[in-house]
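Me: Before I rely on the labels attached to this protein, I would like each one set against its definition. Please take them one at a time.

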Amino acid sequence: MKKGERMERKTTRLDVRLIIAGNNDRTTFAEDRLNELAEQIRDSGLLQPITVRRLEGPEELYELIAGERRFSGLLNYSRLARNPYAGY
């Protein structure tokens, strides 16, 4: 992206298997809190979306920019639900 260009923002559904964790400071979370978050996602959905950016390359992959804890909770829930789109 060139200096001064605005990034296109849109909300869409993504398979969680296409998202890789970025270089975030928060990497560990209490397991009981993640389970609680997974239950909230099950009951109410993901109320605030995570922020990702598409990575360059031939594969469709996205890097997590913001929402590390929500993403971890979403992964936890999608594993429990056995659905990579769970919570969206």
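Reply: Read along the sequence, the chain follows the pattern β-α-β-β-α, where helices (H or I, at least four residues) and strands (E, at least two) are DSSP runs numbered from the N terminus. This is a predicted model, in which local features need pLDDT of at least 70 and side-chain atom pairs count only at pLDDT 80 or more, while totals for chains, interfaces and linings use all residues. Residues are numbered from 1 along each chain as its sequence is written, and side-chain values use heavy atoms, with hydrogens and water left out.

Me: What is the mean pLDDT of the protein chain, and which element has the lowest?

Reply: On pLDDT, the predictor's confidence in each residue from 0 to 100, the chain has a mean of 77, and 76% of its residues reach 70 or more. Among the elements, helix α2 (residues 68-81) has the lowest mean, 76, and β3 the highest, 88. Where pLDDT is low, the predicted coordinates should not be read in detail.

Me: What makes β1 and β2 edge strands?

Reply: The open sheet of three strands has the order β1-β3-β2 with mixed pairing, and two strands pair if DSSP finds at least two bridges between them. β1 (19-20) and β2 (51-54) each have a single partner strand, so one side of each is left without a neighbour in the sheet. β2 and β3 (residues 62-66) pair in the antiparallel sense over four bridges, and T51 has A66 in β3 as its bridge partner.

Me: Why is the contact between R53 and E63 called a salt bridge?

Reply: The term requires a side-chain nitrogen of Lys or Arg within 4 Å of a carboxyl oxygen of Asp or Glu; R53 and E63 meet at 2.8 Å, N to O, and therefore satisfy that limit. This pair links distant parts of the chain, with R53 in strand β2 and E63 in strand β3, 10 residues apart.

Me: Why is E63 called buried, and what is R53 called?

Reply: Buried means under 20% relative accessible area, exposed over 50%, and partly exposed in between (1.4 Å probe, protein chains only). E63 has 17% and is therefore buried, whereas R53, with 39%, is partly exposed.

Me: How do you know that D15 and R17 form a salt bridge, and is each buried or exposed?

Reply: The closest N and O atoms of D15 and R17 are 2.6 Å apart, so the pair meets the distance limit. D15 counts as buried because its relative accessibility is 11%, while R17, with a relative accessible area of 62%, is exposed.
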